[in-house]
Amino acid sequence: MTAEKSQPDAPKCGGIKSRGRHQTNRLSAVAVKTANPGRHFDGHGLFLLVEKNGARRWGQRLTIQGRRREMGLGSPPVVTLARARESALRVGEARWLVE
């Protein structure tokens, strides 16, 4: 009786494991309205924070000079998902210019 060794699944990126910012679980407009309490990440550091009382707000997680920072971008009724994504990209690009 021989035992077969199971091999881990090969990475789906042409044999190279992808690193850096991932956008596999992007939020949808419906998900923004119906999300449960917690942090729901969208990519590029953008996240939706839903509090227990139902309050929602956009935020972005950044690393500046080796320290993690969070910046508020507004609430979903005022700032749409598309606008929050655009702001997150602009802040990310500007951050690279400063460092």
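Trainee: What makes R57 count as partly exposed?

Mentor: R57 has a relative accessibility of 42%. Buried means under 20% relative accessible area and exposed means over 50%, with partly exposed in between (1.4 Å probe, protein chains only). The value of 42% lies in between, so R57 is partly exposed. This is a predicted model, in which local features need pLDDT of at least 70 and side-chain atom pairs count only at pLDDT 80 or more, while totals for chains, interfaces and linings use all residues. Residues are numbered from 1 along each chain as its sequence is written, and side-chain values use heavy atoms, with hydrogens and water left out.

Trainee: Why is the contact of E51 with R57 called a salt bridge?

Mentor: The term requires a side-chain nitrogen of Lys or Arg within 4 Å of a carboxyl oxygen of Asp or Glu. The closest N and O atoms of E51 and R57 are 3.4 Å apart, so the pair satisfies that limit. E51 is itself partly exposed, at 30% relative accessibility. By this rule the count comes to five salt bridges.

Trainee: How do you know that R39 and E70 form a salt bridge, and which parts of the chain do they link?

Mentor: Their closest N and O atoms are 2.6 Å apart, and the limit is therefore met. R39 belongs to strand 1 (residues 38-43) and E70 to strand 4 (residues 67-74), 31 residues apart. Strands here are DSSP runs (E, at least two residues), and helices are runs of H or I with at least four, numbered from the N terminus. R39, at 37%, is partly exposed, and E70, at 42%, is partly exposed too. R39, R61 and E70 are linked in a network of salt bridges.

Trainee: Is D42 buried or exposed, and what is its salt-bridge partner?

Mentor: The relative accessible area of D42 is 4%, so D42 is buried. Its partner is R85, with the closest N and O atoms 2.8 Å apart. D42 lies in strand 1 and R85 in helix 2 (residues 81-98), so the pair ties together parts that are 43 residues apart in sequence.

Trainee: Why are strand 1 and strand 2 said to pair?

Mentor: Pairing requires that DSSP finds at least two bridges between two strands. Five bridges join strand 1 to strand 2, which run antiparallel, so the requirement is met. F41 stands opposite F47 in strand 2. The two strands form a hairpin with two residues between them, and H44 in the turn has a positive phi of about 55 degrees. At 26%, H44 is partly exposed.

Trainee: Where does Q65 lie, and is Q65 buried or exposed?

Mentor: Q65 lies in the loop between strand 3 (56-64) and strand 4. Its relative accessible area is 73%, so Q65 is exposed. Q65 has a positive phi of about 55 degrees although it is not a glycine.

Trainee: What is the confidence over residues 6-19?

Mentor: There pLDDT, the predictor's confidence in each residue from 0 to 100, stays under 50. The model has three contacts (heavy atoms within 4.5 Å) beyond four places in sequence for residues 6-19. Where pLDDT is low, the predicted coordinates should not be read in detail. The chain averages a pLDDT of 78, and 71% of the residues score at least 70.
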